[in-house]
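Here is a short report on how two chains meet. It starts at the interface and then moves to the sheets and the helices packed on them.

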Amino acid sequence: MENKDIKLINEDGTRIDGRRPDELRPIRMKVGLLERADGSAYLEWGGNKILAAVYGPREMYPKHQQDPARAVVRARYSMAPFSVDERKRPGPDRRSVELSMVISNALSAAVLTEEFPRTVIDVFIEVLQADAGTRIAGLTAASLALADAGIPMRDLVVGCTAGKIEGVVVLDLNKEEDNYGEADVPLGILPRTGEIVLFQMDGMMTEEELCTALDMAYNAAMEIHRMQVKALKDVYMKEAEEGGE
Amino acid sequence: MSTKLTESIMSEIKREYIESALSRGERIDGRGMDEFREIKIEKGIIPRAEGSAMVTLGNTKVLAGIKVEPGEPFPDTPDRGVMTTNAELVPVASPTFEPGPPGEDAVELARVVDRGIRESGMIDLGALVVEPGEKVWIVFIDLYILDYDGNLFDASSLAAVAALTDTVVPAERWDLGEDFKLPVTKLPVSTTFVKIGKNILLDPSRDEEAIAQARITVTTTEGGMINAVQKGLSGTFTMDEVRKVINKSIVIGEQVRERYLR
């Protein structure tokens, strides 16, 4: 996928948007902004704009998908038609089916599902504007929305991507880097234990490069986790001070 | 529903059996932790297809068929052929597989197999152009799961790769010159592990898969390159486990490539 016209790394080692190889894009999070949802979060990460809402635990339909021993965490990742350069046809495509699945799996690892047998916890992730790294941004927002909904969890879920561009392992690819780079490594973790709940990779990397990318994404995820905690405190500490709900 | 219940009771009994064997460092079929079941590859069994291969991995059977037809390139890659991968969990393969459009398991399977082949550059797509921007060869990889006894990822990947090495582009049929062998440059191999308790096992059987907490597939090619990773299921891995799996995948992938694909 190399494109000779675009140079992704400058002479001084910085990237096309001026970042260092291990530097994150700006991230902003807000918790609890939707009226009807049981929990919600909004996240901006670089040019990504992502809304997550949680409904549930509620009765599982279709019924045959009920699990008698635990709740099913059912995430749906969806991209708005206007979120990308060329209009995306509405509705699920194969990519979003797969991403919904890996995000559901990652969130299930954190939620104490055994507390709500036979129910479903619906998590809707709407990508309003996409700028690379949407699955991890969506996962990070979704876990905030679950916390906002008061769903008991072992931990928040947080992640980051790393990748390779022009032979250099870098953190948090932007759109151009994702399009013309050589590899993409999304990683999701439980920050308290460091366990890995989401891990995908595609591209071309040596073992050493992949391990470097994993370390980079892991360390960044820990940093983003601190932002998550702050975003939750911003809402709930304030409520507590004001007498709370 | 009743099938599900029976299976979950069965899996409780098997769980104890599998786990007690693992606690002694053994697998119930006597394999080592990093050992594949017996692999058999038969190529060319569907002559009507442009390429085909039946892979038997233990009792799992996957048939891959390749069709190649002329068509339009993608606008952003006018000078490259196109490849697409589809997987069908055919109802003959298991009482739990139902007819109908591919569900999320089939979509994940097809996309993970696709990524390994695509990212390795296995097919020289640049050599599949008839007229740049107008007409290129489209390679359709269709995976038919015929008998499900665990580890569809590796069986399907092997079947797809073997079938592609068997493929002849039918140019004469379309009046586009002489037939030619599909240009293949790499041989990607996928290796799938599951985690049961603290044990990490290569090539899970169906029983092992049924009780696994987490799964990971790593696809590697010549020169120790890694092309695709997919972590599956809702369990977790530690960073240390992931590093070990990546390293093993490179070593075992090379052995499979030498023994079965060269």
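How much area do chain A and chain B bury between them, and what part of it lies on carbon and sulfur atoms? The two chains bury about 3,000 Å² between them, and 59% of that is on carbon and sulfur atoms. The model is a predicted one.

## The interface

The contact takes 31 residues from chain A and 35 residues from chain B. Three salt bridges are counted between chain A and chain B. In one salt bridge, the side chains of E98(A) and R115(B) meet at 2.7 Å, N to O. Polar contacts also cross the interface: 14 residue pairs are found, with both residues at pLDDT 80 or more.

Which elements of chain A each supply at least two residues of the side that touches chain B? They are α1 (94-108), β8 (183-190), β9 (195-205) and α4 (207-241) of chain A. The largest share comes from β9(A), with 11 residues. By type, the chain A side that touches chain B divides into 17 nonpolar, seven polar and seven charged residues.

## A sheet built from both chains

β9(A) also pairs with a strand of the other chain. Its partner is β12 (residues 225-232) of chain B, in the antiparallel sense, over four bridges. Within this pairing, M201(A) has V229(B) as its bridge partner.

The pairing belongs to an open sheet of eight strands. The order is β7(A)-β6(A)-β8(A)-β9(A)-β12(B)-β11(B)-β9(B)-β10(B), and the pairing is antiparallel. Why is one side of β7 (168-171) of chain A and of β10 (199-202) of chain B left without a neighbour in the sheet? Both strands stand at the edges, each with a single partner strand, so one side of each has no neighbour there. On average, neighbouring strands of this sheet are turned by 20° against each other, direction ignored.

On the chain B side, strand β11 (residues 214-221) runs antiparallel to β12(B), and seven bridges join them. Here T221(B) stands opposite M225(B).

Two helices pack on this sheet. α4(A) touches β6 (158-165), β7, β8 and β9 of chain A together with β12 of chain B. Helix α3 (residues 152-165) of chain B touches β9 (189-196) and β11 of chain B.

## A second sheet, in chain A

Chain A holds an open sheet of five strands in the order β1-β2-β3-β5-β4, with mixed pairing. β1 (27-31) and β4 (72-79) of chain A stand at the edges with a single partner strand each, so one side of each lacks a neighbour in the sheet. The average turn between neighbouring strands is 15°, direction ignored.

β4(A) runs parallel to strand β5 (residues 119-129) of chain A, and eight bridges join them. In this pair, Y77(A) stands opposite I125(A). α1(A) packs on the sheet and touches β4 and β5 of chain A. α4(A) lies across β1 and β2 (39-45) of chain A.

## Helix directions against strands

The table lists the angle of each helix with a strand.

| Helix | Strand | Angle |
|---|---|---|
| α4(A) | β6(A) | about 145° |
| α3(B) | β9(B) | about 175° |
| α1(A) | β4(A) | about 140° |
| α4(A) | β1(A) | about 35° |

α4(A) thus appears in several places: it packs on the eight-strand sheet, lies across β1 and β2 of chain A, and supplies at least two residues of the chain A side that touches chain B.

How values were computed: Residues numbered from 1 in each chain as written. Chains lettered and ligands numbered in written order. Predicted model: local features only at pLDDT ≥ 70, side-chain atom pairs only at ≥ 80, totals over all residues. Heavy atoms only, no water. Contact = heavy atoms within 4.5 Å. Buried area = accessible area lost by both parts, 1.4 Å probe. Salt bridge = Lys/Arg side-chain N within 4 Å of Asp/Glu carboxyl O. Polar contact = N/O pair within 3.5 Å; in protein donor to acceptor, adjacent residues only side chain to side chain. Nonpolar A, V, L, I, M, F, W, Y, C, P; charged D, E, K, R; others polar. Pairing = 2+ DSSP bridges. Axes fitted to C-alpha atoms, helices over the stretch in contact; angles between N-to-C directions.
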